[in-house]
Amino acid sequence: NYDGKLEASRWFGQFLRGEDNGFLTEQDVTVFVQDSYLPDPSIEEVPGSFRYEEWPIPEARSNAQTYFLTNEHSLTEQLSESQRPDFHHTRYVASSGLETGWWWNVPTGDQAPLDSLTDSVLIYETEPFEDA
């Protein structure tokens, strides 16, 4: 199991304290591949797995996709001129995002109350993606 805080400590040891801890001989990137799951405010651990990759990740092993934000607050793969937003603005709220947890945590809290503050969040929705 991957421990991000341990990896950060090893990085600091290698580059700030000059420790030869093997950090430079390992793969370039650690990737968390998140499994699909239904929204659940009581979830304690996001399902998925870590894998180690070289950088850049070979195209044959990735599935890069580009989506554009539209003026209808949706996502699309092709953006027409009529869908192009001029600007979308939101009000700054210092506490926005606190529901997602703290340093290196994953979203485990109920974010619905914050989503209802339509003047302080931007929401873009789309139909469910098809499995690749």
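## Exercises on a predicted chain

At 30% relative accessibility, His 73 counts as partly exposed, and this value, like every other one below, comes from a predicted model.

**Exercise 1. Determine where His 73 lies, what is unusual about its backbone, and why it counts as partly exposed.**

Step 1: Locate the residue, which is found in the loop between strand 3 and strand 4.
Step 2: Read the backbone angle; His 73 has a positive phi of about 60°, although it is not a glycine. Most residues other than glycine have a negative phi.
Step 3: Classify the exposure, for which buried means under 20% relative accessible area and exposed means over 50%, with partly exposed in between. His 73 is at 30%, and therefore it counts as partly exposed.

**Exercise 2. Decide whether Thr 70 is buried or exposed, and list what surrounds it.**

Step 1: Place Thr 70 in the loop between strand 3 (68-69) and strand 4 (75-76).
Step 2: Take its relative accessibility, which is 0%, so Thr 70 counts as buried.
Step 3: Look for a polar partner of the side chain, which reaches the backbone nitrogen of Glu 72 at 3.2 Å.
Step 4: Set aside the neighbours within four places in sequence; Thr 70 is then in contact with Thr 76, Leu 79, Gln 83, Pro 85, His 88 and Tyr 124.

**Exercise 3. Find which peptide bond is cis, and where its proline is found.**

Step 1: Inspect omega, which is near 0° for the peptide bond from Trp 55 to Pro 56, and this bond is cis. Most peptide bonds are trans.
Step 2: Assign Pro 56 to the loop between strand 2 (48-53) and strand 3.

**Exercise 4. Describe the chain as a whole, and state where confidence is lowest and where it is highest.**

Step 1: Count the elements, which are two helices and four strands, and read them along the sequence as α-β-β-β-β-α.
Step 2: Consider burial and surface; buried residues make up 14% of the 132 residues, while the accessible surface comes to about 10900 Å², of which 52% belongs to carbon and sulfur atoms.
Step 3: Take the contacts between residues at least 6 apart in sequence, of which 37% join residues at least 24 apart.
Step 4: Check the confidence, for which the chain averages a pLDDT of 78, with 77% of the residues scoring at least 70. Confidence is lowest in helix 2 (residues 112-115), at a mean of 67, and highest in helix 1 (residues 4-15), at 89. Where pLDDT is low, the predicted coordinates should not be read in detail.

Key
Residues are numbered from 1 along each chain as its sequence is written. This is a predicted model: local features need pLDDT of at least 70, side-chain atom pairs count only at pLDDT 80 or more; totals for chains, interfaces and linings use all residues. Side-chain values use heavy atoms; hydrogens and water are left out. Buried means under 20% relative accessible area, exposed over 50%, partly exposed in between (1.4 Å probe, protein chains only). A polar contact is a pair of N or O atoms within 3.5 Å; within protein, one must be able to donate a hydrogen and the other to accept it, and residues adjacent in sequence count only if both atoms are side-chain atoms. Contact means heavy atoms within 4.5 Å. Accessible areas come from the Shrake-Rupley method with a 1.4 Å probe; for residues, only the protein chains shown count as cover. pLDDT is the predictor's confidence in each residue, from 0 to 100.
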